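Work through the exercises below with the sequence and the model open. Each task is followed by a solution in steps.

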Amino acid sequence: MQSIEQRLALKLLERENAGNLRKLSIPAHLADFCSNDYLGLAANTTLHQQIQQQYANLQQAQNGSTGSRLISGNSAFAVALEGNLAGIFQAEAALLINSGYAANTAILSAVPQKNDTILYDEYIHASLKEGARLSFANRFSFRHNDCTDLEKKLKKATGEIFIVAESVYSMDGDFAPLTDLLDLCRTYTAHLIWDEAHSTGIWGENGSGLACETNRHPEIFARIYTFGKAMGVHGACIAGSRNLIDYLINFARPFIYTTALPLHSLVSIAEAFQFVQTHAELRTNIHRKIQFFTSELNKYPALKQAWIESHSPIQVIKIGGNLETRQVATQLQQAGFDVRAILSPTVKEGEERLRICLHIYNEDTQISKLVEKLAEIYVQVKK
Ligand SMILES: Cc1ncc(COP(=O)(O)O)c(C=O)c1O
């Protein structure tokens with residue numbers, strides 16, 4: 001009989017043979033086109049100093065939060081920060097959660113009940129799918145951004161209905177059709193669960209995301225904001241009605257049964273939002289970089305054809321095939337650009353791609369060179 005170690009080794013071998021074995025590596029000092037630090041805040045020295053200063057001012061020797069929020073891990077600082085976040089996201093209330101992953105599993109595992117229906121875009125993040133799996137509700141996917149397919153499924157849905165979508169899709173960089181989704185929510189009395197992980201900090205007044213920018217936030221049942229991407233720090237929050245937040249405090253297991261974020265993280269979140277509020281140019285700069293990248297892409301029609309239209313910092317070029325996609329990424333890395341391949345099973349077979357993340361610190365010349373090199377390699381690989 002196979003031992004457990006043999007079984008694990010066999011699974012790893014299968015991955016290796018399929019060309020999609022995952023390995024941890026220390027980032028080399030290449031030009032960063034893969035991190036989520038779109039606004040450069042993770043390494044911003046001014047923000048770093050402000051966080052250190054603010055933390056020192058608090059004069060509290062608190063290395064850890066000591067427990068869950070419901071036991072010993074709550075603080076006046078956390079409560080005040082939630083008030084501040086509710087103000088920024090123009091919601092009745094907000095609840096801090098340790099990460100976006102935990103926030104998504106929290107809301108989806110706790111709110112939809114048996115006989116309810118969760119309808120989710122096929123491309124939503126793994127954490128939302130995980131949350132839906134933890135729920136006792138029925139769950140079905142609909143084709144990416146396809147409201148006709150969604151409506152077909154809405155017609156058959158039972159109980160309370162929850163539609164799950166992302167403002168910016170993490171593997172495609174495109175937007176969800178918020179207006180159409182809200183129209184369907186109204187027609188079918190459904191509730192939208194809306195993940196703003198990749199739009200927090202990038203759109204909206206003070207970085208409040210796409211729902212606030214388009215003023216549709218009051219119609220959304222629950223919004224998830226994460227702080228480990230453009231905000232450059234760590235953590236997340238759920239924004240919604242006071243009633244929803246009180247419900248989550250009582251029933252959301254990924255919130256209840258975990259040690260709360262430590263004070264240093266809370267200070268970092270507060271200072272990162274303060275920084276984004278006083279530096280509107282960060283948002284102007286990232287949108288200029290996005291425009292510049294797409295204008296460079298226009299110079300290479302073959303490459304442009306493989307591009308998924310996106311107006312976000314996430315830009316995607318479909319290559320197809322794990323080996324080919326990895327080959328393109330490796331050649332770009334050898335040329336000094338840290339671009340990562342997204343392989344199946346993370347995306348569907350045949351949809352393997354390069355995911356290029358743009359940052360305000362990517363020089364225009366660097367972006368031009370990247371696109372030029374990519375066009376050259378793409379033609380060779382596709383020959
Ligand atoms: C759309 C989306 N939601 C949630 C998450 C998880 O957020 P966090 O990294 O804070 O756990 C991610 C992270 O990749 C994401 O892309």
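**Exercise 1. A salt bridge within one helix**

Is Glu14 buried, partly exposed or exposed? Then describe its salt-bridge partner.

Solution.
- Step 1. The model is a predicted one. In it, Glu14 has a relative accessible area of 44%. Buried requires a value under 20% and exposed a value over 50%, so Glu14 is partly exposed.
- Step 2. The side chain of Glu14 forms a salt bridge with that of Lys11, at 3.8 Å from N to O. The cut-off for such a pair is 4 Å.
- Step 3. Lys11 has a relative accessible area of 53% and is therefore exposed.
- Step 4. Both Glu14 and Lys11 belong to helix 1 (residues 4-18), where they are 3 residues apart, about one turn of the helix.

**Exercise 2. A salt bridge between distant parts of the chain**

Which parts of the chain does the salt bridge of Glu219 and Arg186 link?

Solution.
- Step 1. The side chains of Glu219 and Arg186 meet at 3.4 Å, N to O, in a salt bridge.
- Step 2. Glu219 sits in the loop between helix 8 (210-213) and strand 7 (222-226), while Arg186 sits in helix 7 (residues 178-187). The two are 33 residues apart, and the pair links distant parts of the chain.
- Step 3. Glu219 is partly exposed, at 37% relative accessibility, and Arg186 is exposed, at 53%.

**Exercise 3. Another helical pair, and the total**

Where do Lys373 and Glu376 lie, and how many salt bridges does the structure hold?

Solution.
- Step 1. Lys373 and Glu376 form a salt bridge through their side chains, at 3.3 Å from N to O.
- Step 2. Relative accessibility is 27% for Lys373, which counts as partly exposed. Glu376, at 40%, also counts as partly exposed.
- Step 3. The location of both Lys373 and Glu376 is helix 15 (residues 364-382), and they are 3 residues apart there, about one turn of the helix.
- Step 4. Elsewhere, Asp172, Lys318, Glu351 and Arg353 are joined into one network by salt bridges that share partners.
- Step 5. The structure has 17 salt bridges.

**Exercise 4. Aromatic pairs**

Classify the ring pair of Phe89 and Tyr225, then the pair of Phe175 and Trp203.

Solution.
- Step 1. The whole structure contains 7 aromatic pairs.
- Step 2. For Phe89 and Tyr225 the centres are 3.6 Å apart and the planes differ by 10 degrees. Planes under 30 degrees apart count as stacked, so this pair of Phe89 and Tyr225 is stacked.
- Step 3. Phe89 is in the loop between helix 3 (76-88) and strand 2 (93-97), and Tyr225 is in strand 7, so the pair ties together parts that are 136 residues apart in sequence.
- Step 4. Phe89 is buried, with a relative accessible area of 0%; Tyr225 is buried, with 0% as well.
- Step 5. For Phe175 and Trp203 the ring centres lie 5.4 Å apart with the planes at 85 degrees, so this pair is edge-to-face.
- Step 6. Phe175 lies in the loop between strand 5 (161-166) and helix 7, and Trp203 in the loop between strand 6 (190-195) and helix 8. They are 28 residues apart, and the pair links distant parts of the chain.
- Step 7. Phe175 is partly exposed at 31%, whereas Trp203 is buried at 8%.
- Step 8. One aromatic cluster consists of Phe89, Tyr225, Phe227 and Phe273.

**Exercise 5. The surroundings of Ala91**

Which residues does Ala91 touch, not counting residues up to four places away in sequence?

Solution.
- Step 1. Ala91 is located in the loop between helix 3 and strand 2.
- Step 2. Its relative accessible area is 17%, so Ala91 is buried.
- Step 3. With residues up to four places away in sequence not counted, Ala91 touches Ala86, Arg223, Ala239 and Gly240.
- Step 4. Ala91 and Cys212 are 121 residues apart along the chain, and their C-alpha atoms are separated by 9.8 Å.

**Exercise 6. Two packed helices**

How is helix 4 oriented to helix 9: roughly parallel or roughly perpendicular?

Solution.
- Step 1. Helix 4 (residues 100-110) packs against helix 9 (residues 242-251) at an angle of about 95 degrees, and the axes are 10 Å apart.
- Step 2. Helix 4 is therefore roughly perpendicular to helix 9.
- Step 3. In the contact, Ala106, Ile107 and Ala110 of helix 4 meet Leu244, Tyr247, Leu248 and Phe251 of helix 9.
- Step 4. The residues of this contact of helix 4 with helix 9 comprise 7 nonpolar, no polar and no charged.

Conventions. Residues numbered from 1 in each chain as written. Predicted model: local features only at pLDDT ≥ 70, side-chain atom pairs only at ≥ 80, totals over all residues. Heavy atoms only, no water. Helix = DSSP H or I, 4+ residues; strand = E, 2+ residues; numbered from the N terminus. Buried < 20%, exposed > 50% of the residue type's maximum accessible area, 1.4 Å probe, protein only. Phe/Tyr/Trp six-rings, centres within 6.5 Å; stacked < 30°, edge-to-face > 60°. Contact = heavy atoms within 4.5 Å. Axes fitted to C-alpha atoms, helices over the stretch in contact; angles between N-to-C directions. Parallel < 35°, antiparallel > 145°, perpendicular 65-115°, else oblique. Nonpolar A, V, L, I, M, F, W, Y, C, P; charged D, E, K, R; others polar.
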